[in-house]
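Hi everyone, thanks for coming. I'd like to talk you through the empty spaces in this structure, and then say a word about aromatic rings.

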Amino acid sequence: MIDGGRPLEGQVAVSGSKNAALPILIATLLAPGEHRLANVPDLADTSSTLSLLGRIGCPSLTGTHVRVDTTRVAYWEAPYDVVRKMRASVLVLGPLLARCGKAVVSLPGGCAIGTRPIDQHLKGLEALGCRFRIEGGNVHGVADDLRGADVHLDMPTVTGTENILMAAVLARGTTRIHNAAREPEIVDLANFLKGLGAQIEGAGSSTLVIEGVPRLTPASRPHRIIPDRIEAGTWLCAAAVTGGDVTVTDVEPGHLEAIGAKLAEAGCEIEAAGTTVRVRRTGPLRPFQLRTLPYPGFPTDMQAQLMTVATLANGTSTLEETIFENRLLHAAELRRMGARIEERGGMAIVHGGTLSAAAVMASDLRASAALVLAGLAAPGLTEVLRIYHLDRGYEDLVGKARKLGARIGRVSDGERDHDRMLAATAAAA
Ligand code: EPU
């Protein structure tokens, strides 16, 4: 519940990256022993990953550092009840095949934003010598002898690159992954693996070269997960849509360049210094053109949030989604708040204006963020339903927004009458 229309102002510390933490937690399977990780965000998806590791036989402890003990792997399965909640569970495929020579992973189905097949993961792992069959909705994989190979990806898939990389580090000989994803999360995973003794070159470029090693061992020092560039970008958009002044701290400004450049085109002032980025909006928002692309292009995970920015601009913007086929679901909900948005295929044409408070429904993680931003901008009470999506990817979103001056609170079903909702948000301010 949000009582919107107030500028957000102040500093907000950004948590560790969800999409770096998930593969790194799973990569601990490759080196038997105790691993320590720092800056792991406290999210529903990290809890799901730790519970999946627990089911595999690897207990963990959370605290300042997350500790995972991968001394023994007792099972090699990621069942449907885990994978259907979190697609990233499919990342256990490469590590389990490399460590145990077998893996059974439920085949993820489509999700709200697209069909999201894993053919490239399987193709790359097959090139390294894995064999797969699909039975009962599960992918059954075996690998008697992993050998390095040349893998040519049809698209730079992020988790596909990660899965193949994690198998290749323990394969015999050299693997080259061509058309690899270049996201900072791939670089973080490669750095973590190097800390275990893996030999990897080219992380951050489109060709990864991996020289397999016979074994990996846990690092003596904890690995620190990189900052979450999408969380950071979402807070910067909060400044843009509310006419505020927000500084994100604990970030890597280099990872935020595409987002910062787009907000500058939209008329915001951007200032990067050290590990902080500040966004201020002093005048009206200007319309802009945006096209999602693999890194270093504009991230698909920020398209929804920028759509909210576009709804408030002084003119017509276009946003084109090229990564996922169905990632404009937030447009229909933003229309409920008065936005004027036309959709043509994967393109949204947004005629800027004003937003008005309403009850809206979140369809996925980033769509939820876009609706929260809209609620922060629109005067009056906005109710965002199904906010459990937010808990998958934003650590303490409500607490952090309150510190920036937002009137926002979580309301249970029993509290959903107007006065109680207002009280819940006001208590926050
Ligand atoms: N694709 C295939 N075949 C494959 C793999 C991918 O056709 O084998 C297609 C997908 O369907 C999609 C495109 O390739 O159209 C790119 O998908 P990609 O595989 O790169 O996405 P992902 O690895 O499943 C990760 C993030 C997503 C993020 C995308 C794109 C994690 C855990 N997830 O997903 O994050 O949107 O990369 O950057 O890293 C989010 O955090 O909200 C989120 C959805």
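How many cavities of 30 Å³ or more does a search of the whole structure find? The search finds 2. Please keep in mind that this is a predicted model.

Let's take the largest cavity to begin with. Its volume is about 60 Å³. If you'd like to follow along on the screen, the lining is made up of Thr234, Trp235, Ala238, Ala369, Val372, Leu373, Leu376, Leu397, Ala401 and Ile408. Helix 8, at 229-242, helix 12, at 365-377, and helix 14 each put at least two residues into that lining. Which of the elements gives the most? That would be helix 12, with 4 residues. As for chemistry, 9 of the lining residues are nonpolar and 1 is polar, with no charged residue in the set.

Now for the second largest cavity, which has a volume of about 40 Å³. Its lining brings together Ile2, Asp3, Gly4, Gly5, Arg6 and Leu8 with Leu376, Gly405, Ala406 and Arg407. You may recognise Leu376, which is listed for the largest cavity and also for this one. Strand 1, residues 2-4, makes the biggest contribution here, with 3 residues. The mix of classes is 4 nonpolar, 3 polar and 3 charged, whereas the largest cavity has no charged residue in its lining.

On to the pockets, where I'll stick to the second largest. It has a volume of about 300 Å³. There are 21 residues in the lining, and those closest to the pocket centre are Met1, Val384, Ile387, Gly409 and Arg410. Strand 23 (380-385), helix 13 (388-391) and helix 14 (397-403) are the elements that give two or more residues. The largest share, 3 residues, belongs to strand 23. So what classes do the lining residues of this pocket fall into? They divide into 12 nonpolar, 2 polar and 7 charged. Helix 14 is worth a second look, by the way: it supplies residues to this pocket's lining and to that of the largest cavity.

Last, the rings. How many aromatic pairs turn up in a search of the whole structure? The count is 0. There is, however, a charge over a ring to show you: Arg84 lies over the face of Tyr80, 5.9 Å from the ring centre.

That's my tour, and I'm happy to go back to any of these views.

Terms used. Residues numbered from 1 in each chain as written. Predicted model: local features only at pLDDT ≥ 70, side-chain atom pairs only at ≥ 80, totals over all residues. Heavy atoms only, no water. 1 Å grid on protein atoms, 1.4 Å probe; cavity = no way out; pocket = protein on both sides within 12 Å on 5 of 7 lines; lining within 4 Å. Points joined across faces, edges and corners; volume = space filled by probe spheres on them. Nonpolar A, V, L, I, M, F, W, Y, C, P; charged D, E, K, R; others polar. Phe/Tyr/Trp six-rings, centres within 6.5 Å; stacked < 30°, edge-to-face > 60°. Lys NZ or Arg CZ within 6 Å of the ring centre and 35° of its normal.
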